Amino acid sequence: MAIATRQSYVLVDPTTQPLVPAFTAAPRLDNLVNKRVGVIDDSKENAKELLEELVALLQERFGVADLHYHRKPSASKPAATEAIQHLAQACDYAIVAIGS
């Protein structure tokens, strides 16, 4: 004897809306002459070399005056809070390099 059963399925949409944090961008600099640059090296291969070339180019072509350098202990770890605070106070802008 066959028994007929009826099953019901509920389809759920797994997508969500993106969570976009509030963010206010810093004002753009008019130029780089005599500005202080902070660089964060993510400690991956070639990041240091990339930053050295970039900073040399910025100094030669745009008159960047000062450099503050921070190397993270590992690419998977965030930069130390103290290092970020130092760069925020001591620099006019910052660059982060991601190596290969």
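This report covers the sheet, the helices, the core and the salt bridges of one predicted model.

Residues are numbered from 1 along each chain as its sequence is written, and side-chain values use heavy atoms, without hydrogens or water. Because the model is predicted, local features need pLDDT of at least 70 and side-chain atom pairs count only at pLDDT 80 or more, while totals for chains, interfaces and linings use all residues.

## Sheet

Three strands form an open sheet in the order E2-E1-E3, with parallel pairing. Strands (E, at least two residues) and helices (H or I, at least four) are DSSP runs, numbered from the N terminus. Two strands pair if DSSP finds at least two bridges between them. Strand E2 (66-71) and E3 stand at the edges with a single partner strand each, so one side of each has no neighbour in the sheet. Neighbouring strands are turned by 20° against each other on average, direction ignored. Axes here are lines fitted to C-alpha atoms, for helices over the stretch in contact; angles run from 0 to 180 degrees between N-to-C directions.

E1 and E2 pair in the parallel sense over six bridges. Arg36 has Asp66 in E2 as its bridge partner. Val37 is partnered by Leu67 in E2. On the other side, five bridges join E1 to E3, also parallel. There, Gly38 is bridged to Ala94, and Asp41 to Ala97.

Five of the six residues of E1 are buried, so E1 is largely enclosed by the rest of the structure. Buried means under 20% relative accessible area, exposed over 50%, and partly exposed in between (1.4 Å probe, protein chains only). The chain crosses from E1 through H1 to E2, and this β-α-β crossover is right-handed. That is, with the strands pointing away from the viewer, the path from the first strand over the helix to the second runs clockwise.

In E3 the side chains alternate. Tyr93, Ile95 and Ala97 point to one face and are buried. Ala94 and Val96 point to the other face and are not buried.

## Helices and core

H1 lies across E1, E2 and E3 and runs at about 145° to E3. Helix H2 (residues 81-90) lies across E1 and E2, at about 160° to E1. Contact means heavy atoms within 4.5 Å.

The largest nonpolar core has 11 residues, among them Leu32, Val37, Leu51, Val64 and Tyr93. Such a core is a set of buried Ala, Val, Leu, Ile, Met, Phe, Trp, Tyr and Cys residues joined through side-chain atoms within 4.5 Å. Strand E1 (36-41), helix H1 (47-62) and strand E3 (93-97) each supply at least two residues. H1 gives the most, with four. The buried E3 residues Tyr93, Ile95 and Ala97 belong to this core.

## Salt bridges

The structure holds two salt bridges. The criterion is a side-chain nitrogen of Lys or Arg within 4 Å of a carboxyl oxygen of Asp or Glu.

| Pair | Closest N to O | Separation in sequence |
|---|---|---|
| Asp92 and Arg36 | 3.1 Å | 56 residues |
| Asp41 and Arg71 | 2.7 Å | 30 residues |

Both pairs link distant parts of the chain. Asp92 sits in the loop between H2 and E3, and Arg36 in strand E1. Asp92 counts as partly exposed, at 31% relative accessibility. Arg36 is partly exposed too, at 30%. In the second pair, Asp41 belongs to strand E1 and Arg71 to strand E2. Asp41 is buried, with a relative accessible area of 0%. Arg71 is partly exposed, at 41%.

## A loop residue

Ala75 lies in the loop between E2 and H2. With a relative accessible area of 32%, Ala75 is partly exposed. Ala75 touches Asp42, Ser43 and Lys44, not counting residues up to four places away in sequence. Ala75 and Leu87 are 12 residues apart in sequence and 18 Å apart in space, C-alpha to C-alpha.
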